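The following exercises concern the fold, the packing and the charged pairs of one protein chain. Each task is followed by a solution in steps.

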Amino acid sequence: MIASSFTCVVRPEWIDNNGHMNMGYYVVVFDLATDEWMRVVGLDPAHRRVRAVTTFCLEAHVTYHREVREGDPLRFTTRLLGYDTKRIHYIHEMYHAGSGYLVATNELMSLHVSQETRRGAPMAPEVLERLGGLLASHERLPRPPQVGHVIGLGAPPTTR
């Protein structure tokens, strides 16, 4: 089970001079998918308000695979890769909802934060329980090849 149902359509204002979605808007749309993901794990706006907590992004990595254009429908899946009492490691996969191809991925590490102290704080037991159930399900899925991807050119060329 992949725990997300976020969908959207590429908006005209997201298009750049190349006629496709600008790279900055990928992050914007992935952030919208994160909002849906947080609702799925129990960190919805009501929980955040009552408990005076939020989440901050500690690290994010985007990979781009195929372009999308204005009006293209997008579908997102999200899977949990790991968690502890304060952090959630997950990956979004963005697909073209009509053709089904992988458009991009966004691997993230989020920190659960007290709004009062602005520091990391443990998640509520019910959130941790939900994450445990999701992880048990998601660990059975093949790990996306983009997870843990390191940017670089590889070994430098040798000269002789």
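Contact means heavy atoms within 4.5 Å. The model is a predicted one, in which local features need pLDDT of at least 70 and side-chain atom pairs count only at pLDDT 80 or more, while totals for chains, interfaces and linings use all residues. Residues are numbered from 1 along each chain as its sequence is written, and side-chain values use heavy atoms, with hydrogens and water left out.

**Exercise 1. Describe the overall fold of the protein chain.**

Step 1. Helices (H or I, at least four residues) and strands (E, at least two) are DSSP runs, numbered from the N terminus. The protein chain has 3 helices and 5 strands, in the sequence order β-α-α-β-β-β-β-α.

Step 2. Among contacts between residues at least 6 apart in sequence, 70% join residues at least 24 apart.

Step 3. Buried means under 20% relative accessible area, exposed over 50%, and partly exposed in between (1.4 Å probe, protein chains only). Of the 160 residues in the protein chain, 43% are buried.

**Exercise 2. Determine how strand β5 is paired and covered.**

Step 1. Two strands pair if DSSP finds at least two bridges between them. β2 and β5 run antiparallel and are joined by 11 bridges; F56 stands opposite L111 in β5.

Step 2. Strand β4 (residues 87-96) also pairs with β5 in the antiparallel sense, over 9 bridges. Here I91 has E107 in β5 as its bridge partner.

Step 3. The hairpin of β4 and β5 has 5 residues between the strands, and G100 takes a positive phi near 85 degrees there.

Step 4. As to cover, 11 of the 13 residues of β5 are buried.

**Exercise 3. Identify the largest nonpolar core and the surroundings of M94.**

Step 1. A nonpolar core is a set of buried Ala, Val, Leu, Ile, Met, Phe, Trp, Tyr and Cys residues joined through side-chain atoms within 4.5 Å. The largest one has 16 residues, and those with the most contacts inside it are M21, Y26, V29, V68, L74, F76 and M94.

Step 2. Two or more residues of this core come from each of α1 (23-41), β3 (73-83) and β5 (102-114). The largest share, 4 residues, belongs to α1.

Step 3. Apart from this core lies another of 14 residues, including M38, V41, Y90 and L134.

Step 4. Beyond its neighbours within four places in sequence, M94 is in contact with several residues, among them M21, Y26, F30, Y101 and L102.

**Exercise 4. Compare the settings of three salt bridges.**

Step 1. A salt bridge is a side-chain nitrogen of Lys or Arg within 4 Å of a carboxyl oxygen of Asp or Glu. The whole structure contains 5 salt bridges.

Step 2. In the pair of E126 and R51, the closest N and O atoms are 2.7 Å apart. E126 lies in helix α3 (residues 125-138) and R51 in helix α2 (residues 45-51), 75 residues apart. E126 counts as partly exposed because its relative accessible area is 41%; R51 is partly exposed at 42%.

Step 3. E93 and R79 form a salt bridge with closest N and O atoms 3.1 Å apart. This pair links strand β4, which holds E93, to strand β3, which holds R79, across 14 residues. E93 is at 6% relative accessibility and therefore counts as buried; R79, at 10%, is buried as well.

Step 4. D84 pairs with R87, the closest N and O atoms being 2.5 Å apart. D84 is partly exposed at 27%, and R87 is partly exposed at 38%.
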